[in-house]
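Please open the model in the viewer and keep the sequence panel visible. The stops below are given in the order in which they may be selected.

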Amino acid sequence: MRLGGRLAAAIDVLADIDTHLRPASVALADWGRAHRFAGSGDRAAIGNLVYDALRRRASLAFLMDDDSPASLAFGALAVSWAMAPDKIAEALDGDKFAPEMPTARLEAIAEHDLALADPWVEADVAPWCGDLMAESFGEEWVEEAKAFTARPPLDLRVNTLKADRDKVLKALAKAGAKPAAIARHGIRIKPPRREGRLPNVQAEPAFQKGWFEVQDEGSQVVADLVFARAGEQVFDLCAGAGGKTLALAAAMENKGQVHAWDADKQRLAPIFDRLKRAGTRNVQVHAADADLAPLEGRFDRVIVDAPCSGSGTWRRHPDAKWRLTPQQLEKRVAEQRAILDDATRFVRPGGYLCYITCSVFAEENETQVYAFGDRHAGWSLLSAGEVWQDLFGFDKPQPWSADLNSITLTPRATQTDGFFFAVIQREGQG
Ligand SMILES: C[S@@+](CC[C@H](N)C(=O)[O-])C[C@H]1O[C@@H](n2cnc3c(N)ncnc32)[C@H](O)[C@@H]1O
């Protein structure tokens, strides 16, 4: 396929997402099934156009003076792929699959000044989310939000149970793998430009051998901040597919015990294969409700990696930032409160409750932690900043900290997905 056909396909997919309110990944997979002739390069380029258009949906609509799927796709080409109108025209010349080029709109982009648009347009978020971002980041909220419009890198965590960073860097040298800036066992592969594709690292023998996992650097950093030590008893209460569980098990050098639980068995299902590949021997997965009561009061650390709005992952899921509703956010906040309350029964006296979200909204983060303090006597919020300094020092990119206790990672501050981390200690002696 030439660029014209790819553009036409991206426009169809964007229209499908809008009409049927479907996740971008589902719309793209459906397009792929209906167009089996398309090669992997075509699919990657179409996906890039769709995601780039969604990442800057509001600002592209402003710059193109139109929010139709065609304007968004052409706008992404002009802005995100930095293709001047004459270069686009050249690439589409003689291509019978090319959609009509909105030449006048593309040429008028240069006359539009984003600084004159509403801040939420420049920030590329829904207006109500702009208010939430302002609550979290004050005057810097537009810059913080804008950092979510960039393509994310591919981050890997070296599984220290089986390999070290040098070994994995060597195995993935051709893929452009480099050491991550903050995470001690992290590796980063930069996002490709324009129609480029990230390498399929999961097809590498090194992945099959369990030398590394795919995990955003922010997720690695918050797992590290849990500070799980070899020999401890740790409970991952919202384990999902086990991203944090695996990191904790490795940090504990296969000593002690990590218990993993998730209310949704479907989400938990992939954990078994992942644990096997990683060579973990200190993880127990629980699927039955009856397993929970015997675990009460036993844990040095309980991790609540809570269900959340996912606002921290908007670089990867830009469609979600336009789909999120205040009602969904309210529901997540209520779930977080309930899970935090429930988690208390598993922490031993003197033990720690670690609260994590992949959101940057204060309502799901600091506010949730303070409200927990109001509801529960005998628990104290500790300084996660001190743990940060112990682990990562002062010379690395620094996270946000509204209260010098909790930590917020963001694409702008730490060049990671957005994550929140706080640690609360239960009083008493274990
Ligand atoms: C952010 S995800 C966890 C991601 C996972 N820890 C990882 O690192 O890959 C949140 C998880 O919480 C689970 N969850 C929701 N409500 C829950 C509850 N009441 N108790 C335990 N888990 C719950 C969801 O099924 C979901 O898998």
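Select Glu217, Gly218, Ser219, Gln220, Val221, Val222, Ala223, Asp224 and Leu225: these are the buried residues of helix H13. The helix runs over residues 217-225 and is mostly covered, with nine of its nine residues buried. This is a predicted model, and every stop on the tour should be read accordingly.

**Helix H13 and its surroundings**

Within this selection, pick out leucine 225, which belongs to helix H13. Leucine 225 counts as buried because 24 other C-beta atoms lie within 10 Å, where the cut-off for a buried residue is 20 or more. A distance label may be drawn from here to alanine 177: the two residues are 48 apart along the chain, and their C-alpha atoms are separated by 24 Å.

Continue past the end of the helix to phenylalanine 227. This residue follows H13 and has a positive phi, near 65°.

Next, display H13 together with H14. How close do the axes of H13 and H14 come, and at what angle do they cross? The two axes come within 9 Å and cross at roughly 50°. H13 is therefore oblique to H14. The crossing in which H13 passes H14 is right-handed.

**The shell around the ligand**

Keep H14 on display and add the residues around the ligand. There are 17 of them, and Cys238, Gly240, Gly243, Ala263 and Asp264 come nearest. Which helices each supply at least two residues of this shell? They are helix H14 (243-251) and helix H18 (326-343). Colouring the shell by class shows seven nonpolar, four polar and six charged residues.

From the nearest group, centre on alanine 263. It is situated in the loop between strand S6 (257-261) and helix H15 (265-268). Is alanine 263 buried, exposed or partly exposed? Alanine 263 is partly exposed, since 13 other C-beta atoms lie within 10 Å; a residue is exposed at 12 or fewer and buried at 20 or more.

**The annotated binding site**

From alanine 263, draw a C-alpha to C-alpha distance to aspartate 289: the label should read 8.6 Å, for two residues 26 apart in sequence. Aspartate 289 also carries an annotation. In an unreviewed entry, UniProt places the feature "binding site" at Asp262, Asp289 and Asp305.

Two of these annotated positions may be compared by their settings:

- Aspartate 289 sits in the loop between strand S7 (283-286) and strand S8 (299-305). With 9 C-beta neighbours inside 10 Å, aspartate 289 counts as exposed.
- Aspartate 305 is in strand S8. Aspartate 305 is buried, with 26 other C-beta atoms within 10 Å.

**The annotated active site**

Move to Cys358, which UniProt lists as "active site" in an unreviewed entry. Where is cysteine 358 found? It is in the loop between strand S9 (347-357) and helix H19 (366-375). Although placed in a loop, cysteine 358 is buried, with 25 other C-beta atoms within 10 Å.

**Two residues with positive phi**

Select arginine 194 and inspect its backbone torsions. Its phi is positive, about 45°, although arginine 194 is not a glycine. Arginine 194 is found in the loop between strand S3 (186-189) and helix H12 (205-208), and with 14 other C-beta atoms within 10 Å it is partly exposed.

Then select glutamine 415, another non-glycine residue with a positive phi, here about 55°. Glutamine 415 occupies the loop between helix H21 (411-414) and strand S12 (419-426). Glutamine 415 counts as buried, having 20 C-beta neighbours inside 10 Å.

**The domain and a helix pair**

Now widen the selection to residues 144-427, for which UniProt lists "domain: SAM-dependent MTase RsmB/NOP-type" in an unreviewed entry. Over this range the chain is 32% helix and 21% strand, and the end C-alpha atoms are 36 Å apart.

For the final stop, select helix H2 (residues 24-34) and helix H3 (residues 40-55). Their axes come within 11 Å and cross at roughly 150°. H2 is therefore roughly antiparallel to H3. H2 passes H3 in a right-handed crossing.

Key: Residues are numbered from 1 along each chain as its sequence is written. This is a predicted model: local features need pLDDT of at least 70, side-chain atom pairs count only at pLDDT 80 or more; totals for chains, interfaces and linings use all residues. UniProt positions are given in the numbering used here, feature names are shortened, and annotations may be inferred rather than shown by experiment. Helices (H or I, at least four residues) and strands (E, at least two) are DSSP runs, numbered from the N terminus. A residue is near a molecule or strand if its C-beta atom, placed from the backbone, lies within 6 Å of it. Ala, Val, Leu, Ile, Met, Phe, Trp, Tyr, Cys and Pro count as nonpolar, Asp, Glu, Lys and Arg as charged, and the others, Gly among them, as polar. Axes are lines fitted to C-alpha atoms, for helices over the stretch in contact, and angles run from 0 to 180 degrees between N-to-C directions. Angles under 35 degrees count as roughly parallel, over 145 as roughly antiparallel, 65 to 115 as roughly perpendicular and the rest as oblique. A crossing is left-handed if the near helix is turned anticlockwise from the far one by less than a right angle, and right-handed if clockwise.
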